[in-house]
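Here is a short tour of the model, best read with the viewer open. Let's go through it feature by feature.

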Amino acid sequence: MSFRDENEEGRDLRKPFLHTGSWYRMGSRQSSMMGSSQAIRDSSISVLACVLIVALGPIQFGFTSGYSSPTQSAIIKDLGLTVSEFSLFGSLSNVGAMVGAIASGQIAEYIGRKGSLMIAAIPNILGWLAISFAKDSSFLYMGRLLEGFGVGVISYTVPVYIAEISPQNLRGSLGSVNQLSVTIGIMLAYLLGLFVPWRILAVLGILPCTILIPGLFFIPESPRWLAKMGMTEEFEASLQVLRGFDVDISVEVNEIKRSVASTSKRTTIRFAELKQRKYWLPLMIGIGLLVLQQISGINGVLFYSSTIFEAAGIKSSNVATFGVGAIQVIATAVTTWLVDKAGRRLLLIVSSAGMTVSLLVVSVAFFLKEFVSSDSSFYSAMSIVSVVGVVAMVVAFSLGIGAIPWIIMSEILPVNIKSLAGSVATLANWFFCWVVTMTANLLLEWSSGGTFAIYMVVSAFTVAFVTIWVPETKGRTLEEIQSSFR
């Protein structure tokens, strides 16, 4: 049975939500006669343009995450909220994201990666409008839930789309653009929050998705998704524009066809089959990395950063928080450059080890402060040490644990369980993000030193987890990576 025949039924049931149009197929036919500009021919530029367009989604993700920090006092004052009501507002994005994560895999599977991003953009826009016109807490809560849903879908779909369109020698760097865009979104929210009222800031939050929606019409659908759906002509045309019109794609086409053919005979698996190594190992690694990313306490540390900056004598905590956001962007940009040179595994180990040492420094500093007077010079010195430790922890997180778990998740999950397994991994990430955010305050009231010690132990365990279980995926095709688990 041919590749096309095996997938004919899937083709009837599942079609792209967004058709790119014929511009790239026209270019493919005309390039040999008329020539194309070097910008279109160069595969890296073509893929980069697609990545930059979908990166607007993670920028929206980051802006949503960073919005509540600079707006807390103004929203509480204008709408007469209590601190607990505002805390609920902040946490509802995680609740919405959990719902979005559950749906994300199936949405991306049935209507395509581009259609999934379109679905995610609409509730984000509606959510920001609800917040900007809010007269009471009900509109705030509704807007935050809508934003969260969109962010949950984006957080799964964007890394998967980038992994599926990228050539193997650029996949790590381009995949890191996802987390880089998140940190840029967070930094923009912190920066703009210093200068504009909270309602205007909410209106500005609409911009990334407003630009993303028309941009989706000018990029090709994921060729691997099109191949899985049996759309052979569209699949080859999409891959051609991504690699360049003058590039021979026959080898990559055949690899993808063989991979899809091996999993297309039966697209569903029984629960008992998850015991097979080719399923449980990549599933455990993907979920494990995304859970450890959160319970290492990054959100708890960032939540507490303004307080320890104040303890160190820094008067403007919002400016200091923006400084931390800027450091995150710079460190993540370094990761984008390093990940296809040093490899995923090494960066994860270095990042986790750096977080372990940094958190140990912060924990010891807080324990020592309990035994001295707050007026002593030693107390002030320990406050400065704690600030240095927090900044070092943020840098270490951004060098690996921040970006790479999403890259590896999108690379290692088998094609026939990717939608379900990806949804479960994304849900686990958002659930533990919510847990850390909700428990950070209680833990810090119990013991600041003890809290950072708990996070340190988790980071140390992450070093061991990566060393024992996580494979190196640098320089390998997605098909080679997934077949290595069999």
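## Helix H21 and its kink

Helix H21 covers residues 418–446, 29 residues in total. In this predicted model, the distance from its first C-alpha to its last is 40 Å, close to the 42 Å expected at 1.5 Å a residue. If you follow H21 along its length, look for a kink of about 40° centred on Ala 440.

## Helix H15 and the glycine after it

Helix H15, made of 19 residues, runs over residues 277–295. Its first and last C-alpha atoms are 26 Å apart, close to the 27 Å expected at 1.5 Å a residue. Stay with the chain a little further: just after H15, Gly 297 adopts a positive phi of about 90°.

## A nonpolar patch on the surface

Next, turn to the surface, where Ile 122, Leu 126, Leu 129 and Phe 133 make a nonpolar patch of about 380 Å².

Phe 133 is worth a second look. This residue sits in the loop between helix H7 (83–132) and helix H8 (137–165). Is Phe 133 buried or exposed? Phe 133 counts as exposed because its relative accessibility is 59%, and the cut-off for that class is over 50%.

## Cysteines

How many disulfides does the structure hold? The count is zero. Two cysteines can be placed by their accessibility: Cys 50 has a relative accessible area of 4% and is therefore buried, while Cys 209 is buried with a value of 0%. Buried here means under 20% relative accessible area.

Key:
Residues numbered from 1 in each chain as written. Predicted model: local features only at pLDDT ≥ 70, side-chain atom pairs only at ≥ 80, totals over all residues. Heavy atoms only, no water. Helix = DSSP H or I, 4+ residues; strand = E, 2+ residues; numbered from the N terminus. Expected span 1.5 Å × (residues − 1). Patch = residues over 30% accessible without salt bridge, like charges linked within 9 Å, V, L, I, M, F, W, Y side chains within 5 Å. Areas by Shrake-Rupley, 256 points an atom, 1.4 Å probe, with all protein chains shown as cover. Salt bridge = Lys/Arg side-chain N within 4 Å of Asp/Glu carboxyl O. Buried < 20%, exposed > 50% of the residue type's maximum accessible area, 1.4 Å probe, protein only. Disulfide = S-S within 2.5 Å. Bend = angle between axes of the 7 residues up to and from the residue.
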